[in-house]
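Dear colleague,

I am passing on to you the structure we spoke about, and I would be glad if you could look through it before reading my notes. They follow directly below.

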Amino acid sequence: MESLDVFRHSWQEEISKDKSTEVKAVYETSQTAIGDLRRLGTNCKNSSECQTPIPPPSELTLSLQTTTNNTSFTIGIGTFIATNISSSSVKKSSITEPPPSKKLKTSNLTLLDELIRDIDESTDVPFFNVSLPREIALNIFDTLSIQDLYSCLQVCKAWYTLSCDELLWYNLYKRLHLDKSAKKYDDTWKNHVKETVLSNRQLAQNFKNHQCRTTKLTYRLGVVLTCANNNQTTIVAGYSTGIIRTWSIEDILKTTDHNDDGDNEQLDTPDIIYESADGDENRNVSSVKSVGFLKNDLYAVHDNGLLEIWTKDIGNKPRYTHRLTSLPIVDISNDDQLLCSASRSKFSVWNFEKADTDLEFQELDFSTNFNDHILSFCMSSHHSVPVSIIAARKSFWCISLLNLSHRLSFYSTFVSDYIQKIPLDIHNDEPLAIIGVENEIKLFDLQSGRCNIVSTTYKYLPANVHLIRADKCPTNEFIVAYDNSQISIFDRRQKDGAVQHFYNHFSTITTLQMDTWKLASTDMRGFIRLWDRRMHPHSLWHMNPQSHPVTHCSFNKQTLVCALTPLCKRPDMIEYQMNSDPLSGHIYVCNFNSDISTQLGDDLKICTSSYDAPQASNRRIGLHTPYDIIQ
């Protein structure tokens, strides 16, 4: 043990000689930062990796001499030392003198503590003109962006080691809200963030260039598609014969990746088929009106008012059925636990929070209780209480979906008889209801509990409001479609109303979806258009696989799913047998993670930015190259 002490003392003396000039500079320049360093140093957590060296008793007795406290912080293989120097009546010349020989006592410190302290003294990493503990330096670097972190990698070796810390890149991964893709076991978080960001950029570029593989999903002859829906993993479709069909999106993408042909038609793939429990005598009139996903179930609502609930991945018969007596059904909406349905006279709610078969069912009769009729409704469960906004002919209602008796009538409408639907929606990020009344948009603050109207200037719009979408829009923004097929994006932070306008549609708009940079819209003629919000009013590209109305369109970072459903659910069988494909309706899945572009049918590949739009729509011409990269 004595030989080890001798070796350690000699090692410290050599280090002190090499760093004598550096110690002088630190002593002279660190006087103004003493208080900050003392406060920052107290943030260190009490752990086995944070050790405070104990000064010798000889130094503790000198109250008027220079006192130096070195607090070392060791995380991983790197160590930072916070130096705190205070002097009272000692002259400046005495500070520059070499420190006196230390009389260490090994009885108070273990061998590991001594070695750690020696390494700490030899691995000071400069942070500008001071030395900071590694934990504090990580907190500073944790506020930097990905561009700033890559700049810090090129400063010096110490900053390179600090910028490569796994904790920094893991926090950056969460802060950027990147896709939850599987990280390789032997990969670092820095490389994982880099690959994810580059992949997102490539996907965005593929969206702009329409570089994708398109898969057409069909079922069988004699069956017409009536509705469709999808989530992140599954596509569900309802047909005119009361059958519900599902596809796995992962299997579809795998199939397209292994198929080198252009168009891939999926026929009778081995997925689960859900048969309706309706009787044979009513099978011809029980076409599916709406399908969707609950937390662990699938639901389907038929035209005859039959509601069926299936457990996912299990076919056979539905586990729950309910017959709605008030027809026709105006609208249907749902989330993971709640399902809402409305007819002209009744509003119904099912609560699927409990997994058993005894579901909680509530119903409110507007015709009997309020002498009113429902025109439309919307629901949202993204706030503290799940609520629904119901637009009736005489007034608007805000109703709690947990208890329908908790309701409030907050605005008198007195809508004329020729109006059959009022567009409305609730924003996900803020408790705000957006309602369109003819050529005016009204905003209501739901957080106040009284649904107070928010003063706006959204009046005298170009035409009557036809469709409003706010549930998946960025904060403070929402989309509006008018009767004249124009689209406008509104930003509440702007006082002038709409900030962007899009004009290329020539029929009634059916669906809208928007994120931070792109907008997807569809219409009754079967056109699906993608817009770059920075390049309005011209669309990047469009596709028109069929002339049927697009009733469903949804996209994420990799795929775009759209469903075209014919207006005629019972076509002429003679004409249907001759050419059934244009009369059936199909679902199209565009995979933008592929580099090969697929053209549907015999569409012409046009690379031009000037053409006559009406003639182009008749010939199904698709703009294949964005405007911003045409030479």
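In what sense, and over how many bridges, do strand β26 (residues 440-445) and β27 pair? This is a predicted model, and in it β26 and β27 pair in the antiparallel sense, over 3 bridges. As a landmark for finding the pairing on your screen, you can take D445, which stands opposite N452 in β27.

These strands belong to an open sheet of 4 strands, whose order is β24-β25-β26-β27 and whose pairing is antiparallel. The edges are held by β24 (424-426) and β27 (452-454), each of which has a single partner strand, so one side of each is left without a neighbour in the sheet. Between neighbouring strands of this sheet the turn is 25 degrees on average, with direction ignored.

Another pairing to look at involves strand β7 (residues 225-230), which is joined by 5 bridges to strand β8 (residues 234-239), the two running antiparallel. The connection from β7 to β8 is a hairpin through 3 residues, and within the pair L225 stands opposite Y239 in β8. Of the 6 residues of β7, 5 are buried, so this strand is largely enclosed by the rest of the structure.

Turning to the helices, I would point you to helix α10 (residues 166-175) and helix α11 (residues 189-209), whose axes come within 8 Å and cross at roughly 30 degrees. Because angles under 35 degrees count as roughly parallel, α10 is described as roughly parallel to α11, and the crossing of these two helices is left-handed. The residues that meet there are E166, W169, Y170, L172 and Y173 from α10, and W189, K190, H192, V193 and T196 from α11.

Finally, some values for the protein as a whole may help you to place these details. The protein has 16 helices and 40 strands, and of its 631 residues 48% count as buried. If one takes the contacts between residues at least 6 apart in sequence, 52% of them join residues at least 24 apart. The area that the protein exposes is about 32,500 Å², of which carbon and sulfur atoms supply 51%.

With best wishes

Key. Residues are numbered from 1 along each chain as its sequence is written. This is a predicted model: local features need pLDDT of at least 70, side-chain atom pairs count only at pLDDT 80 or more; totals for chains, interfaces and linings use all residues. Side-chain values use heavy atoms; hydrogens and water are left out. Two strands pair if DSSP finds at least two bridges between them. Axes are lines fitted to C-alpha atoms, for helices over the stretch in contact, and angles run from 0 to 180 degrees between N-to-C directions. Buried means under 20% relative accessible area, exposed over 50%, partly exposed in between (1.4 Å probe, protein chains only). Contact means heavy atoms within 4.5 Å. Accessible areas come from the Shrake-Rupley method with a 1.4 Å probe; for residues, only the protein chains shown count as cover. Angles under 35 degrees count as roughly parallel, over 145 as roughly antiparallel, 65 to 115 as roughly perpendicular and the rest as oblique. A crossing is left-handed if the near helix is turned anticlockwise from the far one by less than a right angle, and right-handed if clockwise.
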